[in-house]
Amino acid sequence: MGSQSDWATMRGCADTLTALEIAHEVRIVSAHRTPQRLYDYATTAAGRGLRAIIAGAGGAAHLPGMAAAMTRLPVFGVPVESKALSGMDSLLSIVQMPAGIPVGTLAIGHAGAVNAALIVAAQLATTDAALAERLDAWRAAQTAAVAETPA
Ligand code: RP5
């Protein structure tokens with residue numbers, strides 16, 4: 001994520017990865033404030049064995065796109081809800097990538113953070129039967145938790 005302030009949103013992503021027992025790391029990497037850290041992180045990610053990068057950022061949210069420019073790993077962007085423009089700035093700056101450098105863009109805020117974890121889980125589950133079982137169980141539990149009538 002681009003800032004400590006993104007953690008409140010991106011915690012939902014990390015919690016979902018943890019619930020699915022998917023090994024992951026959590027880092028603050030700012031495209032603007034720590035560009036060398038971003039360069040080092042993105043250019044070494046594939047070689048370190050990472051399978052995907054989920055990048056949450058807000059405002060002028062260049063982190064996902066710049067990360068995608070420097071790695072062949074799949075990059076998923078989470079637009080963090082900004083104070084000034086409610087995350088529309090984040091969304092548009094993440095989603096409008098030029099052809100050739102893709103960023104899979106999720107919804108603004110908490111839903112996007114959780115779904116970023118789930119879409120990576122779904123992809124990894126295509127080659128990991130145990131994870132596929134855990135993901136099926138997670139989805140079944142979610143379904144079971146939906147009441148038929150409101151409380
Ligand atoms: C972006 O600027 C971050 O991703 C964050 O969403 C936004 C604001 O950062 P702070 O000023 O709260 O550190 O780089």
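**Notes on the sheet and helix 1**

1. Start with the sheet. In this predicted model, three strands form an open sheet in the order 1-2-3, and their pairing is parallel. Strand 1 (53-58) and strand 3 (104-105) sit at the edges, each pairing on one side only.

2. Now look at how strand 1 meets strand 2 (residues 75-80). The two run parallel and are joined by six bridges. To find your place, pick out I53: across from it in strand 2 is V75.

3. Next come the helices on the sheet. Helix 5 (residues 110-125) packs there and touches strand 1, strand 2 and strand 3. The direction of helix 5 makes about 170° with that of strand 2. Helix 1 (residues 7-19) lies across strand 1 and strand 2, and runs at about 160° to strand 1.

4. Here's a quick check you can follow on helix 1. With 13 residues at 1.5 Å a residue, helix 1 should span 18 Å, and its end C-alpha atoms are 17 Å apart, so the two agree.

5. Which residues of helix 1 are buried? They are T9, M10, G12, C13, T16 and L17. These residues cover an arc of only 130° around the axis, which means they're on the same side of helix 1. The spacing is worth remembering: an α-helix has 3.6 residues a turn, so residues three or four places apart point the same way.

6. What covers those buried residues of helix 1? The cover includes strand 1, strand 2 and helix 5.

7. One last detail: E21, just after helix 1, takes a positive phi of about 60°.

Note on methods
Residues are numbered from 1 along each chain as its sequence is written. This is a predicted model: local features need pLDDT of at least 70, side-chain atom pairs count only at pLDDT 80 or more; totals for chains, interfaces and linings use all residues. Two strands pair if DSSP finds at least two bridges between them. Helices (H or I, at least four residues) and strands (E, at least two) are DSSP runs, numbered from the N terminus. Two residues are in contact if their C-beta atoms, placed from the backbone, lie within 7 Å. Axes are lines fitted to C-alpha atoms, for helices over the stretch in contact, and angles run from 0 to 180 degrees between N-to-C directions. The expected span of a helix is 1.5 Å times one less than its number of residues. A residue is buried if 20 or more other C-beta atoms lie within 10 Å of its own, exposed if 12 or fewer, and partly exposed in between; C-beta atoms are placed from the backbone. The arc is that of the directions from the helix axis to the C-beta atoms.
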